[in-house]
Amino acid sequence: MQDILECCCGLDIHKESIVACLLKGPVNKQPSSEIRVFSTLLSDLDSLKAWLVEENCMHVAMESTGIYWVPVYETLETAFDGRMSLIVANARHMKNVPGKKTDMKDAEWIATLLRAGLLNGSFIPEKDIREARDLTRYRKSVISDITSQKNRIEKFLQSCGFRLSSFISDIFGASGSAIIKHLYTHGSITIKDLDSCLKTQTRRRINEIMQAINGRLDKHQMQFLKMMFGHLESLRAHLSEVESQINSFICKYDHQIELIDGIPGIDKTAASTILAEIGTDMSKFKTAEHICSWAGLSPGNNESAGKKKRVNINKGNPYIKCILCEVAWIITRQRKSYLCAWYWRMKQRKGAKKAIVALARKLLVIIYTMLKTDTKYNENCFESRRLQTEKKRVARMVYELQKLGFEVKQPA
């Protein structure tokens, strides 16, 4: 390995300690090595920063170990007025020599690879994007909690003999919520009270709904149902608070949100989640293939003796992969769009699940291109592709007919 940096530092980060190895010296000579150990307390992180500034170390590398690298990164990114070069590298790309693994050796090995310029940094967006990412990921967790709480309430109602979900599609809508509130307040409901609870079209099935909830809750069941429904309402209020925080964060990116929102099947909620994961600066990714590999929407390589073996998609970023697959399922119902037609063609060859992943990858490529070139989504740009596909389909059908002995005359 040929050295290219005169001063660099490698950090081996753990939950409670940080081992730092500083390599310093001319690139054509053996560098001097200094190893120090710091705790992960904020005071020691400031000491680490002060030591690196004192040694005029502008290049630092660390492993992406869980979440322990985050406070270290945020402390060091302000050093030298933000000019310090920080690399958060994938741990599997810089494994140490087997049989000689210690914390000191790990830090020294990281510094050695950094000195030789052999480390590629992971994608770390700007601080405001990272803050928005915290909120969008937390929103996903809150929505999951709301779904779980709804399932608990539905299960409890079923155990009490109330078959409300058999006749109301959403028992937590306006009609269903009014019925549940009346049940945990009075323990039972009459046909008159039910009529006042039902809204719009559900009144047509009032007799069937009355039979489904013609029972009575005892005192314990009333209190328990009230407790669970109250927790559901608090989760909904908390979700509204989180979404308002997200809107305040992404208001400065209205232009990028509008570009992504222009794609059929993507609303502002999905657009904000996508933007919080990939950021706005597409120069961080060399090509569209790089961002697809980072997102986990590209298959790995497994080739031997000139034969390519079957491989699955890599792990990548689960959050961007999840939201893009959700959007892909929505697009499959928009029959008049190019992306929907492309999905159904792919489904015939690969099956539904693989076609969804392929459509998610295609969406990410489109979003990458739109943000990089600052252009809006336009279905007309796919018209030439559609005509080319139809031309190939006609040629294939003509060939099949000719194989069967038919003479085909194509129009001029």
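## Salt bridges

In this predicted model, a network of salt bridges links Glu74, Glu77, Lys127 and Arg130. Within this group, the side chains of lysine 127 and glutamate 74 meet at 3.9 Å, N to O. The contact joins distant parts of the chain, since lysine 127 lies in helix H4 and glutamate 74 in helix H2, 53 residues apart. Lysine 127 has a relative accessible area of 41% and is therefore partly exposed. Glutamate 74, at 35% relative accessibility, is likewise classed as partly exposed.

The structure holds 10 salt bridges. One of them brings together the side chains of glutamate 277 and arginine 137, with an N to O distance of 2.9 Å. Here helix H10 (residues 268-278), which carries glutamate 277, is connected to helix H4, which carries arginine 137; the two residues are 140 residues apart. Are the partners of this bridge buried or exposed? Glutamate 277 has 0% relative accessibility and so counts as buried, whereas arginine 137 is partly exposed at 25%.

Another salt bridge is formed by the side chains of glutamate 233 and lysine 181 (3.4 Å, N to O). Glutamate 233 belongs to helix H8 (residues 219-250) and lysine 181 to helix H5 (residues 174-186), and the pair links distant parts of the chain, 52 residues apart. Glutamate 233 is partly exposed, with 34% relative accessibility; lysine 181 is also partly exposed, with a relative accessible area of 35%.

## Strand E4 and its neighbours

How is strand E4 placed with respect to the rest of the structure, and which strands does it join? Strand E4 comprises residues 59-63, and four of these five residues are buried, so the strand is largely enclosed by the rest of the structure. Strand E1 (residues 7-13) runs parallel to E4 and is joined to it by three bridges. In this pairing, cysteine 9 stands opposite valine 60 of E4.

Strand E5 (residues 85-89) also runs parallel to E4, and five bridges join the two. Glutamate 63 is found opposite alanine 89 in E5. Together with helix H2 (residues 69-76), strands E4 and E5 make a right-handed β-α-β unit. Helix H2 of this unit is also the helix that holds glutamate 74, the salt-bridge partner of lysine 127 in helix H4.

## Aromatic pairs

A pair of aromatic rings is described by the distance of the centres and the angle of the planes. The count for this structure comes to eight aromatic pairs. Among them is the pair of phenylalanine 123 and tryptophan 294, which is edge-to-face, with 5.4 Å from centre to centre and 90° between the planes. This pair links distant parts of the chain: phenylalanine 123 occupies the loop between helix H3 (103-115) and helix H4 (127-159), while tryptophan 294 is in helix H11 (residues 288-295), 171 residues apart. Phenylalanine 123 is buried, because its relative accessibility of 14% is under the limit of 20%. Tryptophan 294, at 22% relative accessibility, counts as partly exposed.

The rings of tyrosine 343 and tryptophan 344 have centres 5.2 Å apart and planes at 75°, so this pair is edge-to-face. Tyrosine 343 is buried, with a relative accessible area of 2%, but tryptophan 344 is partly exposed, with 29%. In addition, ring pairs link Phe123, Phe285 and Trp294 into a cluster.

## Surface patch and histidine 93

Which residues make the nonpolar surface patch? The patch is made by Ile35, Val37 and Met104 and has an area of about 240 Å². Of these residues, valine 37 has its place in strand E3 (residues 32-39).

Histidine 93 is located in the loop between E5 and H3. Its relative accessibility of 56% is over the limit of 50%, and it therefore counts as exposed. The C-alpha atoms of histidine 93 and leucine 118 are separated by 9.6 Å, and these residues are 25 residues apart along the chain.

Notes. Residues numbered from 1 in each chain as written. Predicted model: local features only at pLDDT ≥ 70, side-chain atom pairs only at ≥ 80, totals over all residues. Heavy atoms only, no water. Buried < 20%, exposed > 50% of the residue type's maximum accessible area, 1.4 Å probe, protein only. Helix = DSSP H or I, 4+ residues; strand = E, 2+ residues; numbered from the N terminus. Pairing = 2+ DSSP bridges. Right-handed = clockwise from strand over helix to strand, strands pointing away. Patch = residues over 30% accessible without salt bridge, like charges linked within 9 Å, V, L, I, M, F, W, Y side chains within 5 Å. Areas by Shrake-Rupley, 256 points an atom, 1.4 Å probe, with all protein chains shown as cover. Salt bridge = Lys/Arg side-chain N within 4 Å of Asp/Glu carboxyl O. Phe/Tyr/Trp six-rings, centres within 6.5 Å; stacked < 30°, edge-to-face > 60°.
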